[in-house]
Amino acid sequence: MENNEIQNEVPTIYNVDIIALAEGADKRAEAINKIKRASLKVTNHYDWTNQGGKPYLQVSGSEKVARLFGISWRIDSPELFIEEDGHFNYTYKGYFNILNVEIEAIGTRSSKDEFFSTRYKYIDGEKKKITLPPSEIDKGDVKKAAYTNCIGNGVTRLLGIRNMSWEDLKEGGISKEQVSGVEYNKTEMSSKALNQRDEIDRMLLEMCGNDTAKFAEALQKITSFTGRDGKEILGKKALKDLSEKAIPVTHEKVKKAYEQWRAGHSDGQSSDSQPNN
């Protein structure tokens with residue numbers, strides 16, 4: 001009697017082939033791990049951002065992963081919702097398909113997000129937080145971010161690779177130090193930093209013969225450095241990505257290279273020569 005009662009209390013899951021279920025779970029887990037590794041192989045550190053301390057796959061990376069696994073999608077027209085205070089948000093709904101399996105994913109962004117609404121400005125030498133009114137926030141930027149969010153959500157959800165960790169990325173050869181952060185607290189630079197940035201732009205462009213590709217390559221070389229682990233950390237390819245703290249250091253390096261280049265150029269050296277770090 002007691003044995004029958006115990007058997008009746010056994011969960012329904014034990015009425016199926018539990019061994020087959022476990023083996024299937026192991027295979028699915030291994031498949032997910034393989035997908036993660038393959039996804040990381042086709043992306044690089046430019047395809048990821050550090051968002052709130054966690055790695056976030058950007059749309060450039062999502063598109064690479066989608067091509068790798070043959071994912072297709074269609075995206076509905078965006079919905080725009082405007083609140084009473086003038087703030088607004090965009091929402092996209094997408095339909096993502098692989099091997100005849102389809103899921104829905106949503107991408108949304110609001111003008112209230114700190115990335116769009118918050119700036120920091122130096123006032124009388126003090127760094128102060130400035131909250132932008134909705135009228136000063138570009139609707140196009142919010143709309144693009146919502147679209148990006150939808151693509152990223154759809155691809156990663158369909159493949160089961162959401163919430164990747166820095167350890168996952170490290171195994172794929174991408175370190176946290178290489179990944180740029182999303183700056184929610186953007187600071188309006190001091191006039192000195194802005195002037196130095198303009199000078200970097202002028203000097204480096206002149207040395208590179210106004211070739212933007214060479215400019216990006218040269219800037220990356222100058223701003224690269226060796227990390228604590230002895231590995232090279234690649235620098236920035238665009239001036240907009242340089243922090244105010246990094247600008248004086250970069251300016252000094254570029255100015256030194258520029259003066260050497262000018263001296264050599266006056267002696268007949270070609271203007272196509274790349275500045276040395």
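Asn50 stands opposite Pro55 in strand 2. The model in which this pairing appears is a predicted one. Strand 2 runs antiparallel to strand 1, residues 48–51, and four bridges join the two. The hairpin that they form has two residues between the strands, and in it Gly52 takes a positive phi near 65°.

The hairpin is one part of a chain whose secondary structure comes to nine helices and 12 strands. Of the 277 residues in the chain, 34% are buried. The accessible surface of the chain comes to about 17600 Å², and carbon and sulfur atoms account for 48% of that area. Contacts between residues at least 6 apart in sequence can be sorted by separation: 60% of them join residues at least 24 apart.

Strand 2, residues 54–57, also has a part in covering helix 3. This helix takes in residues 59–69, and its buried residues are Gly61, Ser62, Val65 and Ala66. Viewed down the axis of helix 3, these buried residues fall within an arc of 135°, so they line one face of the helix. What lies over them? The cover includes helix 2 (18–42) and helix 5 (139–159), together with strand 2 and strand 3 (72–75). Just after helix 3 comes Gly70, with a positive phi of about 70°.

Further along the chain is helix 8, made up of residues 212–223. With 12 residues at 1.5 Å a residue, helix 8 should span 16 Å, a figure that counts one less than the number of residues. The C-alpha atoms at its ends are 16 Å apart, which agrees with the expected span. At the N-terminal end, helix 8 is capped by Asp211, which has a side-chain oxygen 2.9 Å from the backbone nitrogen of Ala213.

The buried residues of helix 8 are Phe215, Ala216, Ala218, Leu219, Gln220, Ile222 and Thr223. Gln220 can be followed in detail. Its relative accessibility is 14%, and Gln220 therefore counts as buried, the cut-off being under 20%. Which residues does Gln220 contact, leaving aside its neighbours within four places in sequence? They are Tyr46, Leu234, Gly235, Lys236 and Lys237.

Methods. Residues are numbered from 1 along each chain as its sequence is written. This is a predicted model: local features need pLDDT of at least 70, side-chain atom pairs count only at pLDDT 80 or more; totals for chains, interfaces and linings use all residues. Side-chain values use heavy atoms; hydrogens and water are left out. Buried means under 20% relative accessible area, exposed over 50%, partly exposed in between (1.4 Å probe, protein chains only). A polar contact is a pair of N or O atoms within 3.5 Å; within protein, one must be able to donate a hydrogen and the other to accept it, and residues adjacent in sequence count only if both atoms are side-chain atoms. The arc is that of the directions from the helix axis to the C-beta atoms. Contact means heavy atoms within 4.5 Å. Accessible areas come from the Shrake-Rupley method with a 1.4 Å probe; for residues, only the protein chains shown count as cover. Two strands pair if DSSP finds at least two bridges between them.
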